[in-house]
Amino acid sequence: MLYSSKEKIEKSYDVIVVGAGLAGMTLANKMGKDGRSVLLLESHNKLGGFATWFKRPMQGSDGQHVFDVSLHGFPVGMIKTCRKYWNKDIADRIHQLKSVRYINPQFEVETDFTKEHFTKVLVEKFGVPEATVQGFFNELATMNFYDNSSMTNGELFEKYFPGRNDITRFLLEPIVYANGSNLEDPAISYGIVFSNFMSKGVYIFQGGTDVMINMMKDELLKNGVDIQMQAKVEKVLIENGKTAGVVVKGHTIKSKAVVSNSNLKTTVHKMVGDEHFSKEFVSKADKVRLNTSSCQVYMGLKPGESIPFIGDLIFTSDDKDFKTDLILSPKVGSQTFSVYYPETRPHLPPQYAIVSSSNARYEDWKNLSEEEYEKQKAYIIERALSGLEKILPGIRKKIDYVDAATPLTVERYTHHERGASFGTKFEGLEISMNIHKEIEGLFHAGSVGIIMSGWLGAANYGVIVAHDVDNYLSRLEKQTV
Ligand SMILES: Cc1cc2nc3c(=O)[nH]c(=O)nc-3n(C[C@H](O)[C@H](O)[C@H](O)COP(=O)(O)OP(=O)(O)OC[C@H]3O[C@@H](n4cnc5c(N)ncnc54)[C@H](O)[C@@H]3O)c2cc1C
């Protein structure tokens, strides 16, 4: 059932899930389907977490612009995950993007983002011997999460493409946009994300994020999951070293297990509290680095206006060469445009939206005065408009809505510390996976490291943790028999 935000929930549950991001929702759905009693609590007034959207009025019409925040692209694996853990209708709406483009001073490339086409570009455009390209792909394919390799992304690229900054840009730029990873991050994290994407291109959900999340909400309710929104969990209750439930607006709701889909560091230090963990665990959790944040500029076309097909995802840059540290700077010349054509939402009157994304550092925004903040926002809006003008001359006149989101916007809406767009860096995974060994019945599922982030990574991590929670509940049941 769907509780209203004012209701005090008196029922107790097998598991309470704190946060309705894709990991929390997928876990809740699987456990509900498997017959467990599940309560999903979300602090926002809608489900989805970062998988979200917002609406703004269209000038001179009753229509509304609908903007997707994180529907830029995900790997083909999402089809299987949705079919298996959600339903066929959701899976059937996932389709491949037709065209991914790069436009920068070093090269221009249009690709369907498949391994075959990448091989062709590396050989024919960048002049790399085919055997080297195969060697590179083979090394990526054999990378294993459990290998303890210390190789970094930078070392991996030097090994196969020494001194080729243009090739590093071609291979790494989309991944940097996707998750803020840089040349110093472990090559394994790059390898797995790259292999996922490269196999069969980039995919999105037809209908838009709003349609997908609403379909998921219906499926959750159908599978018996109770949901309450505008329900921010203040505390996870720990009694005798075990989880006993959560506190929402001062009211306790009891459960045998609690899964946090909130940011990992917030979960450990704030919702649970350091005093409940071993010193060693707290110190390890302290050292986990948060991922970087991002800025977006949302642009909507006036009703009746249109643009030709210019590609779905366009990586553009004015920067002469590629530096991953520069890509985080507020003055970076690169940005990615996601273009949403009327086919994105075929159920609505035709509408076009374009979103510019760039990586960002929280500290570059946090300490600005109000005036400086507005100025910085105006700067990124202008950068987006003038960047777009180069691809679509005259576009400014067609746009009737434009606004920007910054790391502070991300922080405000999702409670992710420092507006981290992809949770924590790689080392967060160990803390997340082992939290249940510290406190019985406490689990974490959500963006930790590159592999467990993004729409697919988060959903899949939800499934993995659902198994752990189920095993825990079965053990409890055996003990009480
Ligand atoms: C701008 C942007 C663009 C992106 N683009 C893509 C993309 O193109 N493709 C892709 O695959 N991924 C993309 N991502 C990443 C992807 O959206 C996320 O990795 C994924 O959605 C995260 O899911 P999650 O389960 O970790 O939880 P989150 O989405 O982080 O959700 C956590 C939820 O928990 C709730 N919560 C937190 N604390 C509490 C509390 N105390 N009580 C109750 N509720 C709480 C929050 O409100 C939130 O709803 C993007 C992210 C951003 C920010």
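This passage walks through a predicted model, taking in a seven-stranded sheet, a hairpin, a short helix, a ligand shell and one loop arginine.

The sheet is a good place to start. It is open and holds 7 strands, lined up as β8-β7-β15-β16-β17-β14-β18, and the pairing is mixed. In general, strands of a sheet pair through backbone hydrogen bonds, in either the parallel or the antiparallel sense. At the edges of this one are β8 (108-111) and β18 (399-405), and because each has a single partner strand, one side of each lacks a neighbour in the sheet. On average, and ignoring direction, neighbouring strands here are turned by 15 degrees against each other.

A parallel pair is found between β7 (residues 100-103) and β15 (residues 313-317), which are joined over 4 bridges. In that pair, Tyr-102 has Phe-315 of β15 as its bridge partner. Helix α15 (residues 407-414) packs on the sheet, where it touches β14 (293-301), β17 (353-360) and β18. The direction of α15 makes about 95 degrees with that of β14.

Strand β14 deserves a closer look. Its burial is easy to state: 9 of its 9 residues are buried, so the rest of the structure largely encloses this strand. Ser-293, Cys-295, Val-297, Met-299 and Leu-301 point one way, Ser-294, Gln-296, Tyr-298 and Gly-300 point the other way, and all are buried. Both pairings of β14 described here are antiparallel: 8 bridges tie β14 to β17, and 6 bridges tie β14 to β18. On the β17 side, Ser-293 has Ala-360 as its bridge partner, while on the β18 side Gly-300 stands opposite Tyr-401.

Elsewhere in the chain, β4 (residues 53-57) and β5 pair in the antiparallel sense over 5 bridges. The two strands make a hairpin with 6 residues between them, and Gly-60 in the turn has a positive phi of about 65 degrees. Within this pair, the bridge partner of Phe-54 is Phe-67 in β5. As for β5 itself (residues 64-68), 4 of its 5 residues are buried, so the strand is largely enclosed by the rest of the structure.

Helix α6 (residues 153-160) has Asn-153, Leu-156 and Phe-157 as its buried residues. Looking down the axis of α6, these buried residues fall within an arc of 95 degrees, so they line one face of the helix.

Then there is the ligand. Around it sit 40 residues, and the closest are Gly-19, Gly-21, Gly-49, His-72 and Gly-454. Two or more residues of the shell come from each of α1 (22-33), β14, α15 and α17 (454-480). Sorted by class, the shell has 15 nonpolar, 23 polar and 2 charged residues.

Finally, Arg-418 lies in the loop between α15 and α16 (428-438). With 19 other C-beta atoms within 10 Å, Arg-418 counts as partly exposed, since burial takes 20 or more. Beyond the neighbours within four places in sequence, Arg-418 is in contact with Leu-290, Ser-293, Tyr-362, Pro-407 and Glu-411. One of these contacts, Ser-293, is a buried residue of β14. Arg-418 and Lys-366 are 52 residues apart in sequence, yet 8.6 Å separates them in space, C-alpha to C-alpha.

Terms used:
Residues numbered from 1 in each chain as written. Predicted model: local features only at pLDDT ≥ 70, side-chain atom pairs only at ≥ 80, totals over all residues. Pairing = 2+ DSSP bridges. Axes fitted to C-alpha atoms, helices over the stretch in contact; angles between N-to-C directions. Contact = placed C-beta atoms within 7 Å. Buried ≥ 20, exposed ≤ 12 C-beta atoms within 10 Å, placed from the backbone. Arc of directions from axis to C-beta. Near = placed C-beta within 6 Å. Nonpolar A, V, L, I, M, F, W, Y, C, P; charged D, E, K, R; others polar.
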